[in-house]
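Biologist: Please take one helix and look closely at how it begins and ends. Then work outwards from there to the contacts that hold the rest of the chain together.

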Amino acid sequence: MTGRDHDHVTRVMRTVSCDASAARSRLAASWQRSFAHHRLDPAAATPQDRDTRRLAEQEEMLGRLLHVASPRLDELFSTIGQSGHGVFMTDARGLILRARQRAADEADFIRSGLVAGGDWSEEAQGTNGIGTCLTEKRPLIIHRDQHYLARNIAMSCIDAPVFDHEGTLIAALDVSSPRAESDGFNQLIGAMVSGIASKIEIDLFRDIHSDRQIVLVGD
């Protein structure tokens, strides 16, 4: 463990040991869940293996969503991929179903476990963009040392939830980068991620109701 990792683990343990911290910060509340509820060690060093069986099951179950979302993932990746960011879509439990990244960046994402079949739920990874977005059902950014696990603090993760036509949470859209980015740049990408997530929801609604006439009403 590097000195930076050790400092991070010390900070996490100090935070989760303070009962009042969760009431003051959503991030601290997520760290508390990771420690007390999910019983994760912030110093855990080994990424989990890919769950290829569950990946195949979810790909079949969510085939319609993945078909509809694919052009939007390509759209987002074409905009931000050259800056070293990867685009990922998960199921409602944080399993990565689709990944877009440059070949030059693939090794970094593989080392981080950001691959199809990787489990990025809070239960598996602690506080992270994908899992915490799904837990809290809101767009968010988990930047570097806001992650719970020390091995994830090199990443910036920017996420938005995706809901189906009945308002049920079905996926998360994630953009991650192993590079240091400014807060302003992350906020800009965050707006793009939320916009693409909304487009996926609209596309899915239209696909499900393709046999009906949809009337759009303006202001």
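Modeller: At the start of helix α3 in this predicted model, a side-chain oxygen of Ser25 comes to within 3.1 Å of the backbone nitrogen of Leu27. The helix itself runs over residues 26-37 and has 12 residues. From its first C-alpha to its last, α3 reaches 15 Å, close to the 16 Å expected at 1.5 Å a residue. Its buried residues are Ala28, Ala29, Ser30, Trp31, Gln32 and Ser34. After the helix comes Arg39, and its phi is positive, near 55 degrees.

Helix α1 can be read in a similar way. It covers residues 3-16, has 14 residues, and spans 20 Å from first to last C-alpha, close to the 20 Å expected. Which of its residues are buried? They are Asp5, His8, Val9, Val12, Thr15 and Val16. These residues cover an arc of only 130 degrees around the axis, so they lie on the same side of α1. Gly3, Asp7 and Arg14 are exposed on the other side of α1.

Next come the charged pairs. The whole structure contains 15 salt bridges. In one of them the side chains of Arg54 and Asp119 meet, at 3.9 Å from N to O. Arg54 belongs to helix α4 (residues 52-61) and Asp119 to the loop between α6 (106-112) and α7 (122-125), so this pair ties together parts that are 65 residues apart in sequence. Both Arg54 and Asp119 are buried. For Arg54 the relative accessible area is 10%, and buried means under 20%, which is why Arg54 is classed that way. The side chain of Arg54 also makes a polar contact with the side chain of Asp91, at 3.5 Å. With neighbours within four places in sequence left aside, Arg54 is in contact with Asp91, Arg93, Leu95 and Asp119.

Helix α4 takes part in another salt bridge, in which the side chains of Glu59 and Arg98 meet at 2.7 Å, N to O. Because Glu59 lies in helix α4 and Arg98 in strand β2 (residues 96-100), the pair ties together parts that are 39 residues apart in sequence. Glu59 is partly exposed, with a relative accessible area of 28%. Arg98 is also partly exposed, and its relative accessible area is 28%.

Another salt bridge joins Glu75 and Lys199, whose closest N and O atoms are 3.2 Å apart. Glu75 is in helix α5 (residues 63-80) and Lys199 in helix α9, so to speak distant parts of the chain, 124 residues apart. The relative accessible area is 30% for Glu75, which is partly exposed. Lys199 is partly exposed too, at 33%. Elsewhere, salt bridges that share partners join Arg33, Glu122, Glu136 and Arg138 into one network.

Helices α5 and α9 meet again in the nonpolar interior. The largest nonpolar core has 27 residues, and those with the most contacts inside it are Leu76, Val87, Met89, Val162, Leu173, Val193 and Ile200. Two or more residues each are given to this core by α5, β1 (86-91), β4 (156-163), β5 (169-177) and α9. The largest share, 8 residues, comes from α5. What does Val87 touch, not counting residues up to four places away in sequence? Its list holds Leu73, Leu76, Phe77, Ile80, Arg98, Ala99, Arg100, Leu173, Asp174 and Val175. Arg98, the partner of Glu59 in the salt bridge above, is therefore also one of the residues that Val87 touches. A second, separate core has 14 residues, among them Ile130, Leu134, Leu140 and Ile142.

Last, the beginning of helix α9. Asp183 is found in this helix, which runs over residues 183-208. Is Asp183 buried or exposed? It is exposed, with a relative accessible area of 55%. The C-alpha atoms of Asp183 and Ile141 are separated by 9.5 Å, and the two residues are 42 residues apart along the chain.

Notes. Residues numbered from 1 in each chain as written. Predicted model: local features only at pLDDT ≥ 70, side-chain atom pairs only at ≥ 80, totals over all residues. Heavy atoms only, no water. Helix = DSSP H or I, 4+ residues; strand = E, 2+ residues; numbered from the N terminus. Buried < 20%, exposed > 50% of the residue type's maximum accessible area, 1.4 Å probe, protein only. Expected span 1.5 Å × (residues − 1). Polar contact = N/O pair within 3.5 Å; in protein donor to acceptor, adjacent residues only side chain to side chain. Salt bridge = Lys/Arg side-chain N within 4 Å of Asp/Glu carboxyl O. Core = buried A, V, L, I, M, F, W, Y, C linked by side-chain atoms within 4.5 Å. Contact = heavy atoms within 4.5 Å. Arc of directions from axis to C-beta.
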